[in-house]
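Open your viewer and switch to the cartoon view. We will take a short walk, one selection at a time.

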Amino acid sequence: MSWTPNQIPPQDGRVAVITGANSGIGFHATRELAQRGAHVVMACRNEKKARQAMAEIRADIPNASLSFVPLDLSSQKSVRDAATLIRHQQEKIDLLLNNAGLMWLEEGLTEDGFEQQIGTNHFGHFTLTLQLLERMEKVPGSRIVTVSSIAHRGGKIHFDNLTLQGEYGRQKAYAQSKLANLMFAIELDRRLQQAGALTRSLACHPGISNTNLAVPGIVEQSPLKIGKVVDLVWPLFTQSAEKGAWPTLYAATSANAEGGHYYGPRGWFEAMGAPAPARARRYAQDAEKGQRLWQLSEQLTGEHYPHG
Ligand SMILES: NC(=O)c1ccc[n+]([C@@H]2O[C@H](COP(=O)([O-])OP(=O)(O)OC[C@H]3O[C@@H](n4cnc5c(N)ncnc54)[C@H](OP(=O)(O)O)[C@@H]3O)[C@@H](O)[C@H]2O)c1
């Protein structure tokens, strides 16, 4: 029988931190976990949108336990401030969903000098995770789920030119960032096991889901009529944002989901369908490359794990 969110066990007493919880997959993951009794910390860059999302969830689930923490993953300072606040507010964290992401940005750098997509999607989550680990390591059953993408398959880590200077492409940068997400999740799991932590790290992807990720960008960049057509046609070729959240929820809560593994929709090209093990490119599983990315990430962010 296919997995559905009906199989999520009760989450009472559990704390989940979800990045990008106001929109798309993060929103639906927040809603499902809150419905089952978890307290969800919604870590979002836009407070107004986060409060609107909270109100929407509470309209259906009046007793939903939700809180907001400001987090801009493109700023290492904002990430550290958010982590400090979360550590202050939460004695333990059961789930960290590294979900937020952006795609196909024009060439540009974050305030820390990272290319924007890898700076936000990978380096932001790298620092957030390492900053929160002390609240997770000793929590039985705790999990970190990092959202990657089918796009990781077309990516490569440009170790000597992470900013893609002189060779920038929007899709190239996105694919690099999503490959980094997957390599991070796998290498993190190796390190957690070596350190004897009780936390496991898993990766997932939502297939192709109708969220705010792609369409606004396509519509904005296309001549008016094409943009409108894309807007109308896109939902026909994608699964709903709600269903897009299933692989994330499966990785976060299913007893059958294992640390170091990658989950996505089981349908054609892994674009749609119920959650199942997904195909991680061999490059993403290469331990040497995973360690190299880890060490580079430590060097560039100043965060380390195992600590000391
Ligand atoms: N949808 C798909 O088909 C698809 C496919 C493969 C992978 N993914 C991955 O799925 C994840 C969720 O995306 P989605 O599809 O749900 O898209 P979405 O609806 O656009 O949601 C993305 C979320 O990330 C947040 N975000 C963006 N930049 C941020 C930053 N600098 N700091 C903090 N939060 C930031 C957004 O905040 P704002 O609302 O303020 O912009 C939003 O809450 C992403 O990692 C994406 O790469 C999606």
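A word before we start: helices (H or I, at least four residues) and strands (E, at least two) are DSSP runs, numbered from the N terminus. What you see is a predicted model, where local features need pLDDT of at least 70, side-chain atom pairs count only at pLDDT 80 or more, and totals for chains, interfaces and linings use all residues. Residues are numbered from 1 along each chain as its sequence is written.

Begin with the whole chain, which has 11 helices and 10 strands. Its C-alpha atoms fill a box of roughly 50 × 45 × 40 Å along the principal axes.

Next, color the sheet. In this open sheet, 8 strands follow the order E3-E2-E1-E4-E5-E6-E9-E10, with mixed pairing; two strands pair if DSSP finds at least two bridges between them. Now select residues 65–70 (E3) and 275–277 (E10): these strands stand at the edges with a single partner strand each, so one side of each has no neighbour in the sheet.

Move on to E6 (residues 200–204) and E9 (residues 262–265), parallel strands joined by 2 bridges. Pick Cys204 and you will find its bridge partner in E9, Tyr263.

Now select helix H4, residues 116–132, which packs on the sheet and touches E1 (15–19), E4 (95–98) and E5 (143–147). Touching here rests on contacts, meaning C-beta atoms, placed from the backbone, within 7 Å. The direction of H4 makes about 170 degrees with that of E4; axes are lines fitted to C-alpha atoms, for helices over the stretch in contact, and angles run from 0 to 180 degrees between N-to-C directions.

Last stop: helix H5, residues 170–194, lies across E5, E6 and E9, at about 160 degrees to E6.

Note on methods
Contact = placed C-beta atoms within 7 Å.
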